[in-house]
Amino acid sequence: MKWFHEAVGYQIYPKSFSDSNGDGIGDLNGIRQRLEYLHDLGVTLLWLGPIYSSPMDDNGYDVSDFYNIADEYGTLDEFRLLLKEANALGIRIVLDLVLNHTSDEHPWFIESRSNLDNPKRDYYIWAKGKLVDGVEVEPTNWASFFGGSAWQKDDTTGEYYMKIFSNKMPDLNWESQAMRDELYSMVRFWCDQGVSGFRVDAVAHLDRAPLVDSTMDHDGRYKPDWRQFSNRDKVFEYLNELHDVVAPYDVLTVGEVGGGATLEEAIRYVGYDQHRLDMVFTFDHNWKNGAWNSLSEDYQPQLDLPGLKEDFARFQIGLYEKSWHALYWLNHDHPRVMSQYGNVSYHKESGKMLAATLYFMWGTPFIYNGEEIGMTNADFTSLDQFKDVAIQRKIEELEPHYSKERILRHLLVVSRDNSRTPMQWSSQNNGGFTTGTPWIKVNDNHSWLNVEAQLADPDSILQFYKQLFRVRRTVLSTVLYGTFELIDSALFAYRRVGETTLLVLSNFTDQALPYEHAVNIKQVLLQNYPQLVDTKSLVLRAYETLVLEVSND
Ligand code: NOJ
């Protein structure tokens, strides 16, 4: 058993968590001031979004110095203090590790772009443009995740550099052993500082196909053919190297693998016998409400509950005893789960139901900051309130085709900014996040939806999270190591069989729904309605959830 099997993780988006100095941006001292809160919640592992020096084109995922802390966030000494105080409370810290790209302001890239013969030229991926009918175009027709081409022309040498994210995030060339060695030294540096591991950003993309146009059937000029740079064989070789680098340290590695990775690919990343990563974040369960159709005129959000169950079951069953796994509802790249699968009209019920449904599966939980109080998507009223570099690009692409209202409606269900609005600590100005002007609008619902109010309310979502993690400890061996079985039902129903047998029943609708099978209840471990359901007929009310210990028959 590894220490992280039992951990309760919590993801902090540093820019939006807690601002200690009134500049409108979260910072390390702000996080430090909230350690007691996190400890009280039951958190034992913090994943911090990138805190390195950065021009912040993509809020820190564009790193300009891997060995320093962003000015906005603090100093290396402040980081050491945060680490020390967190560790003293039994909370370990895991850093975001950005290995796919740097900022274009990183000294390596400044050198690399300076001339064709620079020793750092091959730290990045450079290629000449192609002539098509006498006109120069990008080396391939591949699209970038953030819109437009995956290539950017650089005037100094007239060549193009690859950038699968923003223009200011040139992709590193993992074929270069010298470049890889530099990254590995940096990884050792942070391990030596005492961090407990890494969430490895964009790990699926470290290798690309030969530079040949995609033949994908797609109308646009640039083809969103992510297979050209996802989950390719060499990525797995590189991860064996990274594994050797961190092996002397007792650290955890979680890879961001994204959507579309098959179970077999997941096992290649994290199988116990593969010597690569400890767990992966897959994205399949994040988009089961049709949100991507929200540009269409007749869009109605609609939960695909069978699809959602299937996404979880695939990994719960397929990875069982083959690897470890990460459990999470959302991260900073997704809308808020309360808005995706919950229901603000049943705020308490659905917020609690979502927690119980997820955290009795096996794996290490990662709560996303604000999830524990049921924060919702942003309440922006105009397009200029969005800050995400990827969204700004998207708005430019959509504006010629759709009305502003339609684009706004769309972004209010799909945008990454939905989960990046500041943490709502209190009903005070700016939700108690900052005394200054927040870098992004605070949701007005902080008037009632905030930590302070939920700490004072024994029946709040926040209190339920605490209770949940206490109860979970009492049946931990079953939760962590028992088998998982999805049960055929209109509810989200599953059974865990280990030292005890657990049955988790959740109603994802606002209608009463019966559980269709007979049950022999030994004990109700957790419930989200004050009065118990009639345990004979087991009809679950709107968004009701029950965690039961049952006889195994
Ligand atoms: C994945 C991160 O989660 C996302 O926020 C970022 O934009 C890209 N990787 C690029 O680093």
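Where does the ligand sit? The ligand sits in the largest pocket, and the close-ups below begin there. This is a predicted model, in which local features need pLDDT of at least 70, side-chain atom pairs count only at pLDDT 80 or more, and totals for chains, interfaces and linings use all residues. Residues are numbered from 1 along each chain as its sequence is written, and side-chain values use heavy atoms, with hydrogens and water left out.

**View 1. The ligand in its pocket.** Welcome to the largest pocket, which holds the ligand. A pocket here is an open set of points on a 1 Å grid over the protein atoms alone, where a 1.4 Å probe fits, with protein on both sides within 12 Å along at least five of seven lines. A molecule sits in one if more than half of its atoms lie within 2 Å of its grid points. Look around the ligand and you will find 13 surrounding residues, each with a heavy atom within 4 Å of it. This shell divides into 4 nonpolar, 2 polar and 7 charged residues; Asp, Glu, Lys and Arg count as charged, Ala, Val, Leu, Ile, Met, Phe, Trp, Tyr, Cys and Pro as nonpolar, and the others, Gly among them, as polar.

**View 2. Polar contacts of the ligand.** The closest residues are D58, R199, D201, H332 and D333. A polar contact is a pair of N or O atoms within 3.5 Å. A polar side-chain atom of D58 lies 2.5 Å from a ligand oxygen. For D333, a side-chain N or O atom is 2.5 Å from an oxygen atom of the ligand, and for R199 the distance is 3.0 Å. The protein buries 97% of the 290 Å² that the ligand exposes when taken alone (Shrake-Rupley method, 1.4 Å probe).

**View 3. The sheet of 8 strands.** This open sheet has parallel pairing and the order 13-12-11-5-2-1-15-14. Strands are DSSP runs (E, at least two residues) numbered from the N terminus, and two of them pair if DSSP finds at least two bridges between them. Strand 13 (279–282) and strand 14 (326–327) are the edge strands, each pairing on one side only. Strand 11 (residues 197–201) runs parallel to strand 12 (residues 252–258), joined by 4 bridges. Here F198 stands opposite T253 of strand 12.

**View 4. The sheet of 3 strands.** An antiparallel open sheet follows the order 6-10-9. Strand 6 (126–127) and strand 9 (151–153) each have a single partner strand, so one side of each is left without a neighbour in the sheet. Strand 9 and strand 10 (residues 160–162) pair over 3 bridges, and K153 has Y160 in strand 10 as its bridge partner.

Notes:
Polar contact = N/O pair within 3.5 Å; in protein donor to acceptor, adjacent residues only side chain to side chain. 1 Å grid on protein atoms, 1.4 Å probe; cavity = no way out; pocket = protein on both sides within 12 Å on 5 of 7 lines; lining within 4 Å.
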